[in-house]
Every structure is written in structure tokens, then in C-alpha cells.
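Please open the model in your viewer and keep the sequence panel beside it, since this tour moves from single residues out to the whole chain. At each stop, select what is named and then read what can be found there.

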Amino acid sequence: MARDEQTMRHWFAQVATAATAFESRWTMLALRRVDADLAQRLGEQRNLFDHACITGTADEIETQGAAMCRGYAAACRALEAAGAADDAYLLGRCSRTAMVVAIGEQKAAVERVRELHGADVVWITPDEVATLFASAEGFKMVAAVKQMFPGAEIIDRHATAGS
């Protein structure tokens, strides 16, 4: 295996680990709210790292990969220091069954959610929610009500006689 390819594999793994520490808790939007300059620099660093991986030498990949890891670490420190709440997911809890559902895009957040809220939490993406909502008959009525009354909430569900 060429040295550049070995270096790239190594730094992909290092950057993925650093990114997971960030993405398991926060989105770039949260970082922009806390420190817009740092968010911009992290995005620019991502571009530099990607460019180095495509056209750079092993030394350039190493330099940009290490900088990417430092950037993610700085982002985590900034958000922790600001006391920024996790925003990589939303939690919902059924008041009747206590079932907890986490909705999010960043799969890096799955372990964080399970760590904080237990192994029984169901992780689901927004696309999965939309698919379920569109395919289940019971949800179609809920969708129609919510379209008509956007602020309506489902508090509890009671089965009717015969259903």
C-alpha cells in the first residue's frame, strides 16, 4: 500500500474519532451560535483536509488531518464551556408507556443518547418518521388533523370500542 494511502486511512480514522466526539452531541448550527468564527474555521479546515486527501502528499494529509482533529477538539471545548445543550437529536417520551424515542440525523449521537437515556431508547431518523407517518393508516388521520390545526398535540390515545 502506498504511503499516501496508509496516511490517508490513518487520518480518516483519527478525524472520524474527533468528529464523533463533536457530532454525538452537537450540530454545526450549535457551534455557529456559540462561536461563528470557530465554526467557519472548522468548515475551512474540513475543506483543506478534503483537498489534501484528494491531491496532497502524505505530509499534507498528516498536517491537515492533525489540524482537523484539533479543530473538532476546540469546537467541543467551546460548546462545553458555553454549556451548550446537545442538539444532535430530539427526545420524545410517551407519558403512558414511558417509551423514549430519539430523532436525529447524526448517527454519532446514538451512543450518547443510549448512555444518557438508557439502552431502550429507540433511535429514528427524520426520514424514517416521515415514512412511518405516510404509511400507517392511524398516522394519516393524525397528519390530517395536524395540517388543519398545526399546534395540535397528541396527549394520549384511547382505543374506541371495537377497535
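Begin by selecting C94, which in this predicted model is partly exposed, because its relative accessible area is 30% and the partly exposed class lies between 20% and 50%.

Now select C69, and ask whether this residue is buried or exposed. With a relative accessible area of 16%, C69 is buried, since buried means under 20%. While C69 is still selected, add C53 to the view: the sulfur of C53 is the nearest cysteine sulfur to C69, yet it is 11 Å away, and C69 is in no disulfide. The structure as a whole holds zero disulfides.

The next stop is the loop between strand 1 (90-93) and strand 2 (100-103), where A98 is found. Look at the backbone here, for A98 has a positive phi of about 70 degrees although it is not a glycine. The relative accessibility of A98 is 49%, so A98 counts as partly exposed.

From there, go to helix 3, which covers residues 36-55, and select L48 within it. L48 has a relative accessibility of 45% and therefore counts as partly exposed. If you then select F22 as well and draw a line between the two C-alpha atoms, how far apart are L48 and F22? They are separated by 19 Å, while along the chain they lie 26 residues apart.

Now clear the selection and show the whole protein chain as a cartoon, in which seven helices and three strands make up the secondary structure. Following the chain from the N terminus, you pass the elements in the order α-α-α-α-β-β-α-β-α-α. The chain is more spread out than a compact globule, because its radius of gyration is 21 Å, well over the 15 Å that the globule rule gives for 163 residues. Taken along the principal axes, the box filled by its C-alpha atoms is roughly 70 × 40 × 30 Å.

Next, switch to a surface view, where the accessible surface of the protein chain comes to about 10700 Å², with 57% of it belonging to carbon and sulfur atoms. Of the 163 residues, 30% count as buried. Among contacts between residues at least 6 apart in sequence, 54% join residues at least 24 apart.

As a last step, colour the chain by charge: it carries 17 positive and 22 negative charges, and the mean positions of these two sets are 5 Å apart.

Definitions and conventions
Residues are numbered from 1 along each chain as its sequence is written. This is a predicted model: local features need pLDDT of at least 70, side-chain atom pairs count only at pLDDT 80 or more; totals for chains, interfaces and linings use all residues. Side-chain values use heavy atoms; hydrogens and water are left out. Helices (H or I, at least four residues) and strands (E, at least two) are DSSP runs, numbered from the N terminus. The radius of gyration is taken over C-alpha atoms; the globule rule is 2.2 Å times the number of residues to the power 0.38. Buried means under 20% relative accessible area, exposed over 50%, partly exposed in between (1.4 Å probe, protein chains only). Contact means heavy atoms within 4.5 Å. Accessible areas come from the Shrake-Rupley method with a 1.4 Å probe; for residues, only the protein chains shown count as cover. Lys and Arg count as positive and Asp and Glu as negative; His and the chain ends are not counted. The place of a charge is taken as NZ of Lys, CZ of Arg, CG of Asp or CD of Glu. A disulfide is a pair of cysteine sulfur atoms within 2.5 Å.
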